[in-house]
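Work through the exercises below with the model open. Each task is followed by its solution in steps.

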Amino acid sequence: MIASFQCPVCKATEFEELGHRTYSKSEMDGLDVYTRRRFQVLFDVWHPECDSVEFTSSVCRDCGLVTNVPRPSVDDVSRKYHFLNSIENEYGKSETPQNSDDRSCRLYQAWGGWLPKQSRILDYGGGDGRLMACFAQAQHSCFVVDYNPEPKSFVTKLSDTLDELDSDEKFHGVIANHVVEH
């Protein structure tokens, strides 16, 4: 975990604390499966030696990005998704906190209209690419970069990380939904 960092959006270093929360292993009892698995990441993968972990929510004073402190490193994120893939046969397919169809259509309505016909859209960190459903229905070519091993049929997985992506790849739009704040 990284306790001191530059803002991933604007590179500023000044953050203002919004609040903090302590997570405890004892909270795992009674949680839904989705949340319990995220607690397992926290306590079994990232902090196996701890019974509680505190995070601070902070806002960048320059651009307004809200993030947690500490933030997971690239290695931490990789270990998270490798762990989730190892314990969830259907990782990213059914246990989601929101209705992905509604989210896909709202996202498309918000900015899909300015895209040229048959655009190339990348969903960075998009799991199985489910947010691309409405883009695919509108005849756009949809791609995903994520650790999820099984993308939806209307999405082409390009790689696990951006570092593995061919530098010649070009897109008309990139979606990074629920990515930067992590």
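## Exercise 1: the antiparallel sheet

Val 59 has Val 66 as its bridge partner in strand 3. The model is predicted, so local features need pLDDT of at least 70 and side-chain atom pairs count only at pLDDT 80 or more, while totals for chains, interfaces and linings use all residues. Residues are numbered from 1 along each chain as its sequence is written, and side-chain values use heavy atoms, with hydrogens and water left out.

**Task.** Which strands form the open sheet with antiparallel pairing, and in what order?

**Solution.**
- Step 1. Find the strands. Strands (E, at least two residues) and helices (H or I, at least four) are DSSP runs, numbered from the N terminus.
- Step 2. Apply the pairing rule. Two strands pair if DSSP finds at least two bridges between them.
- Step 3. Check strand 2 (residues 52–60) against strand 3. Four bridges join them, and they run antiparallel. Thr 67 in strand 3 is the bridge partner of Ser 58.
- Step 4. Read the order. Three strands form the open sheet, 1-2-3.
- Step 5. Mark the edges. Strand 1 (15–24) and strand 3 each pair on one side only. The twist averages 25° from one strand to the next.

**Task.** Which residues of strand 3 (residues 66–69) are on its covered face, and which on its uncovered one?

**Solution.**
- Step 1. Recall the pattern. In a regular strand the side chains alternate between the two faces of the sheet.
- Step 2. Assign the faces. Thr 67 and Val 69 make up the covered face. Val 66 and Asn 68 make up the uncovered one.

## Exercise 2: the helix pair

**Task.** At what angle do helix 1 and helix 2 pack, and how far apart are their axes?

**Solution.**
- Step 1. Fit the axes. These are lines fitted to C-alpha atoms, for helices over the stretch in contact; angles run from 0 to 180 degrees between N-to-C directions.
- Step 2. Read the values. Helix 1 (residues 33–46) and helix 2 (residues 74–87) pack at about 120°, with axes 10 Å apart.
- Step 3. Classify. Helix 1 is therefore oblique to helix 2. Angles under 35 degrees count as roughly parallel, over 145 as roughly antiparallel, 65 to 115 as roughly perpendicular and the rest as oblique.
- Step 4. List contacts (heavy atoms within 4.5 Å). Arg 37, Arg 38, Gln 40, Val 41, Val 45 and Trp 46 in helix 1 meet Asp 76, Arg 79, Lys 80, Phe 83, Leu 84 and Ile 87 in helix 2.

## Exercise 3: backbone outliers

**Task.** Where are Gln 118 and Gln 139 found?

**Solution.**
- Step 1. Place Gln 118. Its loop runs between helix 3 (100–111) and strand 4 (120–124). Phi of Gln 118 is near 55°, a positive value in a residue other than glycine.
- Step 2. Place Gln 139. Its loop lies between helix 4 (133–137) and strand 5 (141–145). Phi of Gln 139 is near 70°, also positive.
- Step 3. Check exposure. Buried means under 20% relative accessible area, exposed over 50%, partly exposed in between (1.4 Å probe, protein chains only). Gln 118 is exposed at 59%. Gln 139 is exposed at 54%.

**Task.** Which bond joins Val 69 and Pro 70?

**Solution.**
- Step 1. Read omega. The value is about 5°, and the peptide bond is cis.
- Step 2. Locate Pro 70. The residue sits in the loop between strand 3 and helix 2.
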